[in-house]
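Here are a couple of exercises to work through with the coordinates open. Try each task before you read its solution.

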Amino acid sequence: MSHNEAESMGLSLRHCRQLEQWWRNAAYLDTRSETQISVNAGGCGPHLEHSWQAQDGTQVARCSILLWHFLHFWKLIRTEKLAVGRSGKTPLDMDQFRMLCCTCKIPGHHRDTLVSHFRTEREGHCPSHVVVLCRGRAFTFDTLDPNGAILTPPELARQLQNIKDKCQDEADGPTISALTSDERTRWAQVRDHLLTLSPQNATSLHIIESSLIVVGLDDASPEASVDDCSQLQSLSLIGDLRCRWGDKSFNLMAFQNGLFGACCDHAPYDAMVLVLCIYFIDQEIRKSNGIWQGILPERKLTLPEELSFVVDEKVLAAVDCAKENYKQKGNDLNLISRPFMGFGKELIKKCRIHPDTFVQLAVQLAYFSQHGKPGCCYETASTRRYFHGRTETMRSCTPEVVAWCRAMRNPMAVVQHKRELMWQAIEKHNQSMRECQMNRGCDRHLLGLLLTANEEGLPTPELYRDPSFSKSGGGGNFVLSTSLGGYTTTMGGVVAPMVHNGYGCFYSINSQKIFINVSTWDSNPETNGEGFFEALSSALHETMNLALMARL
């Protein structure tokens, strides 16, 4: 809520901040399970649909161009010149953009800590070095020259090539980065042990954790096309541990064949921050066709510094254990990333339906068709209209949409009845989304009440112990975890399902198509990612046919 609204309700801004921290702790920092696969967000880079085409041997050259554009995005944030987002005429809170750079999650024995070293120019010094991970080794170099100007793409390429050459000619490193994929308390214990072995370990960890971003030079060459990005999405989220630091707010993954991905800790910010960053980069690359046209300066650069770690058998054993656990969990996660080509935002809007509402109805129909029952569903509702706003849970499995799904699968239901129920479901979804975006949802409120009871030493209220609470998604038990990734040309991102028998379904809606990203756990016999994608494709067509009928 806004400051004025809070005061009008007899609350202080301190109480608002408390719920903000409560939610971050409960959602991200208190979890003890491995977060790199279960919680982190991944996604493939753009640039698949225009002239800046990937090809073997372009990893370093293309990475330097993309990194250069990213650094200009960072400069916009640092100089406070990034345009303020708006919802209609309402400005949106921009605080999350501070967390994109120089931010890292530090493991704790009971709770992790989120640390940001970012500062605007007005606030003071901000780290400007990047860390590059390659084959288990870590390097760092500064991205600014002595005058504070961003290094040119050729200069960035020289630094990256130097690192790549060293890693190709010498042995692999100890892959300390693998520890960030482990169970959180184990990682905290090993980190503490690392700090006792040598002061150099503390220095190296601080350089990594405070860096602008981590750049991963990955040896893989994933297949990707405008028709299927599944392998690229998969390797972005669950790829080589030697070249990603799971606790960093942004890992830029540069693959051997010139494609890109991202792996990001979800605690500091929501996906829209990265979506807008990647969209900015994509638009800049489109303008120049990925060609830098500046003058090549002949300047001597300080070579990248390798970050060393003093390790012992305990650390090496922990690294091996983390690698094995990561491999097993990564092999269990199935990701599908393909476009639905039937239509997009343009045709949906002609039917006078909000595009997100339309897709959400189809998601519900797909799940109902595949499983014969409704699926409790989380959809992200942005609350950035308010101070430090992030999200509220939009529960899109409403009674109205369930009634519509039942009618759609009832061979005796007449078309007119289906149409009436569809519009009731649409109106309910639109109303609920508006309420959630205005901070009038129920889930953050219920979380605050539960944590208040916990802090006061009161018994857990009966509501939270009722089986229907969990069955309806309470406590993060939604079988459908969904989110709109915007209306840009990018494929969007993906995260793992919230529950073992659930689906992740993330989508971006273009003017002519809908990018769909589905995640499932292969070890669960109830779910089928391929089947869900096909069911969703059919549901989109079926919903559109009904919507077009409604216009007649």
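**Exercise 1.** How far is the sulfur of C263 from the closest cysteine sulfur, and what does that say about a bond?

*Solution.* Keep in mind that this is a predicted model.
- Step 1: the closest cysteine sulfur to that of C263 sits in C264, 6.5 Å away.
- Step 2: a disulfide needs the two sulfurs within 2.5 Å, so the C263 sulfur is too far from its C264 partner for a bond.
- Step 3: check the surroundings of C263. Its relative accessible area is 0%, so C263 is buried.
- Step 4: try C436. The nearest cysteine sulfur belongs to C442, at 7.2 Å, and C436 is in no disulfide. C436 is buried too, with a relative accessible area of 5%.
- Step 5: widen the search to the whole structure, and the disulfide tally is zero.

**Exercise 2.** Work out how helix α4 and helix α5 pack, and which residues make the contact.

*Solution.*
- Step 1: locate the pair. Helix α4 covers residues 59-78 and helix α5 covers residues 153-169.
- Step 2: get the geometry. The helices pack at an angle of about 130 degrees, and their axes are 8 Å apart.
- Step 3: classify it. An angle of about 130 degrees falls outside the parallel, antiparallel and perpendicular ranges, so α4 and α5 are oblique to each other.
- Step 4: add the hand, which is right-handed for this crossing of α4 and α5.
- Step 5: list who touches whom. From α4 come Q59, V60, C63, S64, I65, L67, W68 and L71, and from α5 come P153, L156, A157, L160, Q161 and K164.
- Step 6: sort the α4–α5 contact by class, which gives 10 nonpolar, three polar and one charged residues.

Note on methods: Residues numbered from 1 in each chain as written. Predicted model: local features only at pLDDT ≥ 70, side-chain atom pairs only at ≥ 80, totals over all residues. Heavy atoms only, no water. Axes fitted to C-alpha atoms, helices over the stretch in contact; angles between N-to-C directions. Helix = DSSP H or I, 4+ residues; strand = E, 2+ residues; numbered from the N terminus. Parallel < 35°, antiparallel > 145°, perpendicular 65-115°, else oblique. Left-handed = near helix turned anticlockwise from the far one by under 90°. Contact = heavy atoms within 4.5 Å. Nonpolar A, V, L, I, M, F, W, Y, C, P; charged D, E, K, R; others polar. Buried < 20%, exposed > 50% of the residue type's maximum accessible area, 1.4 Å probe, protein only.
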